[in-house]
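Welcome! Here are a few short exercises to work through with the structure open beside you. Try each task before you read its solution.

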Amino acid sequence: MIIKRIEKIQKYLKEKNENSAFIITSEYNRRYMTNISTSSGYIIITPENKYFFTDSRYIEFAKKSLGDIYTVNLYPKKHETENYYKELLKKDKIKNILFEENYIFFKTKKHFDELFKSFNLVESDKLIEKMREIKDSTEIENITKAQNITDNAFTHILKIINADLYNLTEKDIALELEYYMKKNGADNIAFDIIAVSGKKSSYPHGQPENIKLSKGFLTIDFGALYNGYCSDMTRTICIGKPDKKMIDIYNLVKFAQIAALEKIKADIEGIEVDKISRDIIRNAGYGENYGHGLGHSVGLEIHETPNFPITEIESEKEKNGKIKEKEKIILAENMVITVEPGIYIENEFGVRIEDLVVIKQNGYINLTKSNKDLIII
């Protein structure tokens, strides 16, 4: 897979016909192009050559892992760097160097301006990020394994809550989930775990605190990291008996999520999927309580592109308000994306239900196996 990715970039560079090379510095794109993780390193790809540079901590590992694919080198000495690259790239007659505008810091860009002043620096137009939008079979396998760990962790935490409900804190929930996932195959957690209860469940991204679980909804948003790839799911359960409003809101969110899932397939516009979910919630009178997007892609990073565009109405008062589309996204086979509508009522409660799906030609594969009927403890 790595060789195919390199060949795709080299083909792109040749087709540009502008004597261009590509420098890859970001942690995630570097991982995508090597299948190894190092805290230090960068890649330079030209139409004919490919180089991996790192420091002495990783050089032996890099040579063993990548020596058959890349020319692996130590970083050049500081005082030699500019001339080193000038000579290195001269053999390919390089004039332009593409860089990752989506990741580069201003300070690094200034450094590049000085380091590569003999060349033209050109934005890459998110070349690798666009490649990453479509997952190959190995990536899907890794994400599936990450999600399996996450589902199992949810089953585990329900048992913990049932066994010790009155002594647990929000932090206990987050820590127990992290411990379970790491003990059962995860490299790490995919992101900081959200576990918020009672009135705090109205915080879409609330942080768990060292406070006892409150009666009402408990929203848990979490995921595992497996072989570099993330999973993501949210479930909202209820501690104590819910009232009618809570049940109605929960069922509304669930209905909106299922309706969105039923719309999903390759070659459909993302805004159509968002609209069916958002209209259900808006028409029930809770449009202003659903402020975030329907979902986001998941892969090496927990938030990747594309995202579902958010449907906007020019005038909420107009029954047939005109839809405004911020960006056009066409779903494609083997994109991996979350579907997570939510309703958040300030100072009362919130509900979010999130599944992780793989887009297929005639529908989707739902990687999330956890029950989404309302669980009452």
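**Exercise 1: A cis peptide bond**

Proline 306 is found in strand β14, which spans residues 304–307. Keep in mind that this is a predicted model.

Task: Which residue does a cis peptide bond join to proline 306?

Solution: Start at proline 306 in β14. The cis bond joins threonine 305 and proline 306. Its omega angle is about 5°.

**Exercise 2: Two positive phi angles**

Task: Where do asparagine 19 and aspartate 125 lie?

Solution: Take asparagine 19, which has a positive phi of about 50° although it is not a glycine. Asparagine 19 lies in the loop between α1 (2–16) and β1 (20–24). With 32% relative accessibility, asparagine 19 counts as partly exposed.

Now turn to aspartate 125, whose phi is also positive, near 60°. Aspartate 125 lies in the loop between β6 and α6 (127–132). Its relative accessibility is 46%, so aspartate 125 counts as partly exposed.

**Exercise 3: A β-α-β unit**

Task: How many bridges join strand β5 to strand β6?

Solution: Find β5 at residues 96–99 and β6 at residues 120–123. The two strands run parallel, and 4 bridges join them. Within the pair, leucine 98 stands opposite valine 122 in β6. Add helix α5 (residues 106–115), and β5, α5 and β6 make a right-handed β-α-β unit.

**Exercise 4: An aromatic pair**

Task: Is the pair of phenylalanine 53 and tyrosine 85 stacked or edge-to-face?

Solution: A pair of aromatic rings is described by the distance of the centres and the angle of the planes. For phenylalanine 53 and tyrosine 85, the centres are 6.0 Å apart and the planes make an angle of 75°. Planes over 60 degrees apart count as edge-to-face, and the pair is therefore edge-to-face.

Next, place the two residues. Phenylalanine 53 lies in strand β3 (residues 50–54) and tyrosine 85 in helix α4 (residues 81–90), so the pair ties together parts 32 residues apart in sequence. Both phenylalanine 53 and tyrosine 85 are buried. They belong to one aromatic cluster, whose members include Tyr42, Tyr51 and Phe112.

**Exercise 5: A charge over a ring**

Task: Which ring does the charged end of arginine 278 sit over?

Solution: The charged end of arginine 278 sits over the ring of tyrosine 290, 3.9 Å from the ring centre. Now look at arginine 5: this residue lies over the face of tyrosine 32, at 3.9 Å from the ring centre.

How values were computed
Residues numbered from 1 in each chain as written. Predicted model: local features only at pLDDT ≥ 70, side-chain atom pairs only at ≥ 80, totals over all residues. Heavy atoms only, no water. Pairing = 2+ DSSP bridges. Right-handed = clockwise from strand over helix to strand, strands pointing away. Buried < 20%, exposed > 50% of the residue type's maximum accessible area, 1.4 Å probe, protein only. Phe/Tyr/Trp six-rings, centres within 6.5 Å; stacked < 30°, edge-to-face > 60°. Lys NZ or Arg CZ within 6 Å of the ring centre and 35° of its normal.
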